[in-house]
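Welcome! Let's take a friendly look at where empty space is found in a protein, and at how some of its helices pack together.

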Amino acid sequence: MKPMNNNPVKPLLTVNDLAAMKQRGEKITCLTAYDASFSALIDKVGVDMMLVGDSLGMVIQGCDTTLPVTITDMVYHTRCVSKARQRAFVIADLPFMSYSTPANAAKNAAKLMQVGGAQMVKLEGPRFEIVSFLVDQGIPVCGHLGLLPQMINQLGTYKLQGKEPAEAKQIMTDAYQLQQAGAAMLVLECVPAELAKEISTQLSIPVIGIGAGIDCDGQVLVLYDMLDIGVHKRPRFSKNFMAGTDTIEAAIDGYYQSVKQVRFPSAEHSF
Ligand code: KIV
């Protein structure tokens, strides 16, 4: 059907399109988004994916951690984001304690997809049984390894993970097992660039880095960090893309071009 106006409707990216990008060596771009206006702008620039991250607890709700975020919050923000985009693939986080059992995970993932409009859900840690159960129900899953913000009360601080050889080996093994369990994507947060390179090379699924060096298959940043408007200090691995630009759109485009042209993250923003 022809669109009613002169704006061609862009087809929604699928999990297969993202897998194909990895195959042909095209870097995948992703930003977090939490509302319709930013969603439309990020989509207009051409960013491939938007993650409705539970980081919204920190950047939208002003909390110190992501732990207070509820599934109701996540569904609300996911719906705002998914309604406003034409092309970008939308991933939504399962928040703290919303995937404590397979049944709990399936019920909450269904809300993110049916009401929120997410195309994939993300969960933290080596939760192979949960991943496999969700995948069996037809729910695409993104794993998340390295720094796990939902574990902050066990970790004590947000710091680099996988520095010691034994830790690195465990992350490598967990990554492989998440893929075996059926995860279609993996986010690696705050790990040494060499480890992320090894994992991205070994895995067939796209590996998206945040503080994980330039050799991942794609990159994600928290939107408010890269626009330098967050209430918390910007992490070392992020970059202020507003510097030297006049508009938010130009900053997002600067990020998009830097990732596609394999210029971000540089050594300064890697470990
Ligand atoms: O919640 C979030 O924004 C995330 C990213 C840090 C990857 O999980």
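The lining of the largest pocket is made up of 15 nonpolar, seven polar and eight charged residues. Keep in mind as you explore that this is a predicted model. Below you will meet the pocket, then two cavities, then helix H2 with its partners H11 and H4.

**The largest pocket**

- The space in the largest pocket comes to about 560 Å³.
- The pocket has 30 lining residues, and those closest to its centre are Ser55, Met58, Glu189, Val222 and Asp225.
- Helix H3 (56-59) and strand S6 are the elements that each give two or more residues to this lining.

**The largest cavity**

- How many cavities of 30 Å³ or more does a search of the whole structure find? The search finds two.
- The largest cavity has a volume of about 40 Å³.
- Its lining residues are Cys30, Met49, Leu51, Ile91, Lys122, Cys142, Met185, Val187, Ile208 and Val220.
- Strand S2 (49-52) and strand S6 (185-189) are the elements that supply two or more residues to the lining of the largest cavity.
- Sorted by class, this lining holds nine nonpolar residues, no polar ones and one charged one. Try finding Lys122 among the lining residues of the largest cavity.

**The second largest cavity**

- The second largest cavity holds about 30 Å³ of space.
- Around the second largest cavity you will find Gly209, Ile210, Gly211, Gln219, Val220, Leu221, Phe237, Phe264 and Pro265.
- Two or more residues of this lining come from strand S7 (207-210), and two or more come from strand S8 (218-221).
- Which element gives the most to the lining of the second largest cavity? That is S8, with three residues.
- Six residues of this lining are nonpolar and three are polar, while no charged residue takes part.
- Val220 is worth a second glance, as it is named in the lining of the largest cavity and also in that of the second largest cavity.

**Helix H2 against helix H11**

- Helix H2 (residues 36-45) packs with helix H11 (residues 248-260) at an angle of about 50°, and their axes are 9 Å apart.
- This angle makes H2 oblique to H11.
- The crossing in which H2 passes H11 is right-handed.
- On the H2 side, the contact is made by Phe38, Leu41, Ile42, Lys44 and Val45. On the H11 side, Ile248, Glu249, Ile252, Asp253 and Tyr256 take part.
- Seven residues of the contact of H2 with H11 are nonpolar, none is polar and three are charged.

**Helix H2 against helix H4**

- H2 also packs with helix H4 (residues 71-84), at an angle of about 40° and with the axes 8 Å apart.
- H2 and H4 are therefore oblique to each other.
- Is the crossing of H2 past H4 left-handed or right-handed? H2 passes H4 in a right-handed crossing.
- From H2, the residues Ala36, Ser39 and Ala40 meet Cys80, Val81 and Ala84 of H4.
- This contact of H2 with H4 counts five nonpolar residues and one polar residue, with no charged ones.

Notes. Residues numbered from 1 in each chain as written. Predicted model: local features only at pLDDT ≥ 70, side-chain atom pairs only at ≥ 80, totals over all residues. Heavy atoms only, no water. 1 Å grid on protein atoms, 1.4 Å probe; cavity = no way out; pocket = protein on both sides within 12 Å on 5 of 7 lines; lining within 4 Å. Points joined across faces, edges and corners; volume = space filled by probe spheres on them. Helix = DSSP H or I, 4+ residues; strand = E, 2+ residues; numbered from the N terminus. Nonpolar A, V, L, I, M, F, W, Y, C, P; charged D, E, K, R; others polar. Axes fitted to C-alpha atoms, helices over the stretch in contact; angles between N-to-C directions. Parallel < 35°, antiparallel > 145°, perpendicular 65-115°, else oblique. Left-handed = near helix turned anticlockwise from the far one by under 90°. Contact = heavy atoms within 4.5 Å.
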